[in-house]
Structures are given as structure tokens and as C-alpha cells.
Amino acid sequence: MLLMKNNKHLITRRTALATGLSSLGAMILYGCTRPTSPPTYGNILRMGDAFTYNAQRSLFSGRALAKEYTRRDISSFPATGTTDPGDSSKEGFSESYAQLQKKDFADWKLSVEGKVSNPGLYSLNDLYKFPARTQITRHTCEEGWTAIAEWTGVPLSNVLRHAGIHPNARFVNFYAYDGWIDSIDLLDAFHPQTILAYGMNGKNLPLQHGAPLRARIETQIGYKSMKYLQKIVVTDEFVDTGDSGWAWYVGM
Amino acid sequence: MANIFGKQKKRKKLKYILYWLEWKKEHYRQQRFALIIHSCCSCCRARPRAGGKNSYIYERHNFSTVANIQSSPAFNKRHSLWVRLTHWIGTVAFLLLVITGFEILMVHPRLYWGEVGNDLTPAFLELPVSRNYKHEGYEKRIAFFTSKESPVSAVRTYDIFNENGWGRSLHFLSAWILVVTGLCYLITAIFSGHLNRQLLPKKNPQPMAGSQYGLLQKTTYSVVLLLLFPVVILTGLTLSPAITAACPFLLKIFFGYQSARTIHFFASFLLVLFLLIHVVMVIRTGFKKNMLAMTIGNKNASDEKQ
């Protein structure tokens, strides 16, 4: 009432602006300090990425399917990054991968561990027994190019449920033979189109594209779909592997 | 003798005609220039001086007189605070978007139409803006199918230029700032009547007095604000896999991912063109005065002069 006596307007433009700005600041702070969110490294760029992550997670359900195409839309597909972890002359070489490659991945096994009731090893034959999903989707590379391919694999959600994922789990971490480590949140992990792909365009996954098993995360940029999978670790907190210089969340 | 005089007279006549033509040409040139300045850049306060080079245009066309113009409220006043704030925050964000956008273009300087486009498919435009231009660094080609026109895969052997780690993140951070600032500007402009009064291309009953902007300039501002910026924002959002999953219509209205990327590029190009013309006009019509009006200029400058 005192305020009303002194000022004609209860809410002046200035107070409205100040309130708006401080609530925006609080929103950003909340986004950055949530203990299970990815770290921002005190870096304004990573804070921007965290803001994008929080905004997209609040605005969208995260359950909608990415566009699927027809077989006629399948296109040429460049292979970039690591294209052969068995080649000792190249970056991303792995001795154990080279051994597996010699036997055509007959001894290859995917380890699923962490916050799951039944940690275990899954061979390719084990994965073939799961109901398969085939999808023709667009790979969107951070560089600006796109390519369409048909992917066949087992939905990650099926494998996680089979392993008995704990209710307090928050992140799924991928470890690859070429040394890459990355993670996704559970919303993306349980997305129906998030699959562990062993087939591409009706054949076994080619070496260039991540044989014998790669991730397909269709709601994010291409580099999240990790090739040459070795291990999946479920965690209840974010595993900080340091700032790679690349955004952790790339739905954008 | 008579012949020579006749020739001289003819020459003199010709000379006069030439002078007259030259004068007429200059006259029209000035008139045209003054009209362009009037219509394009009255925002930048191109003020016709009393008895100055182009003042006759205003008088002949029954435009407001110099005195009227100076005393009109819209003229020679500092811009309001919200205009100045959003102008400069938007400027910084826009410049960062241009720089990072160019960096992102350098990584893959090829443009396509439709959903798909990569080094192994034909481009409709290749830009020589980085070492990645036509690099052709591929080996181990394999065909996916047995048919002759089968799509292929190939391993990239070329070490491309790529600074997208910070480039993309800074692009999106600046985009957030520009979109939020732009929305604040647009909402204020709509509800304060600024948009209707100053920016929408309607003929003023009294030019100069009603709006500080000419018709051509109003049209330009409206196209930039209500067409180019929405297009550049929507095509930008279409490049996000998470957003197109939630809003699939985006891919439809822009004819696919790569078409959206191409439209994003051309709309940005037009926005940069607008920026360049804007800066040239600001300089041509009095850089210091215009900068003061958009920054710390005296609110009552025109009153003091009178």
C-alpha cells in the first residue's frame, strides 16, 4: 500500500524489467547448478549449451519420432572420424579390436554394467535374439552434411530393461574401441529410435561405419551416434570426462 | 568571313545546348539522389538545409519545410531507451552469428536442395571459402547395393578445416541472445505503436512529420524484421534434429534439411547486405549525429538549436 501511495503504478517498467531479468538469471543458474547436469566448466559456451539442453527438455516431450524415409531415399554416405580401429597406422587404433576383427567379431561381446541388476556380456547372437527395429533415418553431421541410410538393430531401451536398469539411473555412457567416451540422458536412451545398430542398408554394419555395433541417436547430431561400441555403463550421475571442446548435448 | 562567323555562332549555340544539357543532367541527378536519400535514409536524419542543394525538392513537392521537420517530434530526437538497448545487444549478437556462421560454412562450403547432401552427392553451389573447397579426399569406395546407380560409402582421408566445437556453441549462444532481444523489441514495438507508426510501409499523410522513415526505408525495415529474421530463425531451427522430431512441419515448409540450410545461408546473406547498406547510409548522413542519436545523444538537442 505504501508503494501505491508513492508511485502511481504498482509495477513500474523498471521493476518489471528487474523481476524478469532476475527470474531469467535464476532459471539459468538452476540449469547450471543441477547436480546431475553436465558440467559447464565455467565456460560461457558450455553454459549456452546447458541452456539449450534445459530449454529443449522443458519445451518438448522428447518422445516424438525423427522423420523416417523410404528405401528410395537412401543416399551415399561418407565415413568420417575413425574408420578402422584395427589399423595400427591410424589414430584410434585398438589392439583388442584388431584381434576381434581377425575372427570376424565372433568373440566380440558388449558389456552392459553400472546401475543395472544383471550386468553382463552380450554377443552379437544375443543381440540378434532381441526384437529388431529397422529405420530409414537421416544422419545429420555437425559439419553440415546429411545422409540417409537404413539401420537395423535392437532398441537400447530393450537392452537396458533386460539388464534391469535401476530406477535412479540418469545417464547411459558409451565406451568405444577407438577411445571415444560419450553419454546420453535417459530420455534419449529410451527414445524408440535410439538403437544399437548391427545392420546398415540390409547388410552387416560395414567397418567404415562402426562394425560390429554402433549407436543410432536420431534426435541428436551425428557425433553422438558412437561407432565401434565396446561397453555401456549406466550411471546415476554425470560422468565427467573433461571438456572435449564439443557440446555434450547436440539436439541442435 | 560570313561563313566563319556563322560557324562560330553555330558553335556557340551548340556549346550553350551542351551546357544546358549538362546542367539538366546534373539537375536530374541531384533530384534523383535527393529523393533516394529522402526515401532511404531519413532515419539517419538526412536533413535538407534551408536553401541547400536539395531543399527545393521538399518545397516543390509540398513536403514539410525545414522548420516543420526540425520541430516535429520524430526528428532529431534521441531514440528511446528500449530501441537503443535492443539495437546494440542485437548488433553484437548478430555480428557473432555472422562470424560463427561463416566459420560453420567454411567447414562444409557446399549447398544442396532437398533432404540430403554430402561430399559424395552433387552440390548445386560450392563456395571457395576454405581449404575444404573441392578437397576430393576420399578412398575405399564401396557400393551399398548391386545396382549401377547404387549409393556409395567412402572413407575420408583429407584432414578438413573444422572449428565447429566453439563455432557452433557460440552460434547458438548468440542466437539465443538475438532471438530473446528480437522478441523483446518486437513485442514492445507492437504494443507501443512503434511498429505501426514508424515501420510498416504505409504512406504518411505528412512525410517526415508522421514517421522519420521514408517509404522505401519502411519497406526495407519491415522485410528485414518480419520476413528475413523469421525465415533465418525458422530455417536455423529446422537444422536441429530434436526440434524437427517435435515439429516435423518445419522440414515440410522448407523442402527438407539441406534446402533449409541453403535458405538459411541466402537469408543470412541478405541480412548482411542490409547491414552494409545500413552502415553506408549512417555514414553518408552524418555518422557522429546518428551515433549520438543511437547512444548518448542529448534528448533535447533539437530544442536547444531553436
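**A friendly note on chains A and B**

1. Let us start at one residue. B:Arg110 sits in strand 1 of chain B, a strand made of residues 110-111. Please keep in mind that this is a predicted model. Is B:Arg110 buried or exposed? B:Arg110 counts as buried because 23 other C-beta atoms lie within 10 Å, and the cut-off for that label is 20 or more.

2. Now look at what surrounds this arginine. Setting aside residues up to four places away in sequence, B:Arg110 touches B:Gly117, B:Ala123 and B:Glu126. You can also find B:Pro122, twelve residues from B:Arg110 along the chain, with 9.1 Å between the two C-alpha atoms.

3. Step back to chain B as a whole. Its secondary structure consists of twelve helices and four strands. Chain B has 306 residues, and 29% of them count as buried. If you take the contacts in chain B between residues at least 6 apart in sequence, 60% of these join residues at least 24 apart.

4. Next comes the meeting of the two chains, where 40 residues of chain B are in contact with 43 residues of chain A. On the chain B side, at least two residues each come from helix 4 (81-107), strand 3 (138-143), strand 4 (152-156), helix 5 (164-192), helix 8 (241-246) and helix 10 (257-284). Which of the elements gives the largest share? That is helix 5 of chain B, with nine residues. Sorted by class, this side of chain B has 22 nonpolar, twelve polar and six charged residues.

5. The chains also pair strand to strand. Strands of a sheet pair through backbone hydrogen bonds, in either a parallel or an antiparallel way. Here strand 1 of chain A (residues 77-79) and strand 4 of chain B run in the parallel sense, with three bridges. If you want one pair to look for, A:Ala79 has B:Val155 in strand 4 of chain B as its bridge partner.

6. Chain A has a sheet that is worth tracing with a finger. Five strands make up this open, mixed sheet, in the order 3-2-11-6-7. Strand 3 (120-123) and strand 7 (181-185) of chain A are the edges, each pairing on one side only. On average, neighbouring strands in the sheet are turned by 20° against each other, direction ignored.

7. Some pairings within chain A help you to follow that order. Strand 2 (residues 109-114) and strand 3 of chain A are antiparallel over four bridges, and A:Ser111 has A:Leu121 in strand 3 as its bridge partner. Strand 6 of chain A (residues 171-176) pairs in the antiparallel sense with strand 7 over five bridges, and with strand 11 (residues 229-235) over six. A:Phe171 is a handy landmark: A:Asp185 stands opposite A:Phe171 in strand 7, while A:Thr235 is the partner of A:Phe171 in strand 11.

8. Do pause at the hairpin of strands 6 and 7 of chain A, which has four residues between the strands. There A:Gly179 takes a positive phi near 100°.

9. Finally, the nonpolar cores. The largest has 44 residues, and A:Ala149, A:Val159, A:Leu160, A:Leu196, A:Ala197 and A:Leu229 have the most contacts inside it. Among the elements of chain A that give two or more residues to this core are strand 5 (146-155) and helix 6 (156-162). Leaving out neighbours within four places in sequence, A:Ala149 is in contact with A:Ile74, A:Phe77, A:His139, A:Met200 and A:Asn201. Another core, apart from the largest one, has 17 residues, including A:Ala247, A:Tyr249, B:Phe94 and B:Leu178.

Note on methods:
Residues numbered from 1 in each chain as written. Chains lettered and ligands numbered in written order. Predicted model: local features only at pLDDT ≥ 70, side-chain atom pairs only at ≥ 80, totals over all residues. Buried ≥ 20, exposed ≤ 12 C-beta atoms within 10 Å, placed from the backbone. Contact = placed C-beta atoms within 7 Å. Nonpolar A, V, L, I, M, F, W, Y, C, P; charged D, E, K, R; others polar. Pairing = 2+ DSSP bridges. Axes fitted to C-alpha atoms, helices over the stretch in contact; angles between N-to-C directions. Core = buried A, V, L, I, M, F, W, Y, C linked by C-beta atoms within 7 Å.
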